[in-house]
Amino acid sequence: MGKQVTIVIGKEGNATFTFKGYTGRLCYAEMEKLKQLLKAKGVEAQIISQEPTVETPVAIDATVKNVV
Amino acid sequence: MEGLNTSNLTKIKTKIKNANMQLLAKAVEALIKQRGATAVTKVRDYSGREQTVELGLKDSTFTRGIGFTIENGEVKLVGDTWQISPSHVTELQNQLNQHYTHQAVTSTFTQLGYQVVSNKVKEDIYIKAYAFS
């Protein structure tokens, strides 16, 4: 059976992942792998519930610093 | 201390950490297309002082240009936001975040052997990733 992941990235950069075609632990194993790979690329993902759903943080820290 | 109320070349931090320059370049390219902007490699402040940037854009809102850089793994916006509404800066940050996340997600699923299809629906980006193993 094929696996399918649907990802929706909102206008602020929030991403929600929905996994289909995985059974039990395979889904979590895939999510963990995904989390690690995304983190290596600068996107911090968090598992937000026991359901197969992952969300990335979005909010921007608008700290402003002067260059000089 | 000078801040948002003065004309100055400033750096604005985002929450993209450990960023990848290739992904950032693709995200900025998408951002330029979305905003109908022009790519630039120099930004300036209100008084005309210039700064060279690796990636940047100029449009009707950011007429002096705004640059994108990675410092210690963090993505920062570089430019003078004097007389630019903070909401416009936030909007730009959000757009960059959305495009960067899109690039990172697409790249990751491709790396995992998935086929990836993306569509923009209104303000959201929908991605479907398929694998048949």
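Let me begin with a pairing in chain B: strand E8 (residues 115-121) and strand E9 (residues 124-131) run antiparallel to each other over 7 bridges. Two strands count as paired here if DSSP finds at least two bridges between them. Helices (H or I, at least four residues) and strands (E, at least two) are themselves DSSP runs, numbered from the N terminus. Within this pair, Ser118(B) has Ile127(B) of E9(B) as its bridge partner. The two strands form a hairpin with 2 residues between them, and Lys122(B) in the turn has a positive phi of about 50 degrees.

Before going further, I should state that this is a predicted model, in which local features need pLDDT of at least 70, side-chain atom pairs count only at pLDDT 80 or more, and totals for chains, interfaces and linings use all residues. Residues are numbered from 1 along each chain as its sequence is written, while chains are lettered from A and ligands numbered from 1 in the order in which they are written.

Is E8(B) well covered or hardly covered? E8(B) is hardly covered, for the count of buried residues among its 7 residues is 0. A residue is called buried if 20 or more other C-beta atoms lie within 10 Å of its own, exposed if 12 or fewer, and partly exposed in between, with C-beta atoms placed from the backbone.

I turn now to helix H1 of chain B, residues 21-35. The expected span of a helix is 1.5 Å times one less than its number of residues. The 15 residues of H1(B) should therefore span 21 Å, and the end C-alpha atoms are indeed 21 Å apart. Its buried residues are Leu23(B), Leu24(B), Ala27(B), Val28(B) and Leu31(B). Seen down the axis of H1(B), these buried residues fall within an arc of 135 degrees, so they line one face of the helix; the arc is that of the directions from the helix axis to the C-beta atoms. On the other side, Gln22(B) and Lys33(B) are exposed. After the helix comes Gly36(B), with a positive phi near 65 degrees.

What covers that buried face? The cover includes strands E5 (55-58), E6 (66-71) and E7 (74-79), together with helix H2 (86-111), of chain B. Leu24(B) gives an example: leaving aside neighbours within four places in sequence, its contacts are Ala19(B), Leu55(B), Phe68(B), Ile70(B), Val75(B) and Tyr100(B). Two residues are in contact if their C-beta atoms, placed from the backbone, lie within 7 Å.

Leu24(B) also appears in the largest nonpolar core, where, of 41 residues, Leu24(B) and Ile7(A) touch the most other members. Such a core is a set of buried Ala, Val, Leu, Ile, Met, Phe, Trp, Tyr and Cys residues joined through C-beta atoms within 7 Å. H2(B) gives the most to this core, with 7 residues. H2(B) has 26 residues and reaches 37 Å from first C-alpha to last, close to the 38 Å expected.

Chain A has 1 helix and 5 strands, in the order β-β-α-β-β-β. Of its 68 residues, 24% count as buried.

Finally, I come to confidence, given by pLDDT, the predictor's confidence in each residue, from 0 to 100. Chain B averages 90, although residues 1-5 of chain B are below 50. Chain A has a mean of 69, and its pLDDT stays under 50 over residues 57-68. The model as a whole scores ipTM 0.83 and pTM 0.84.
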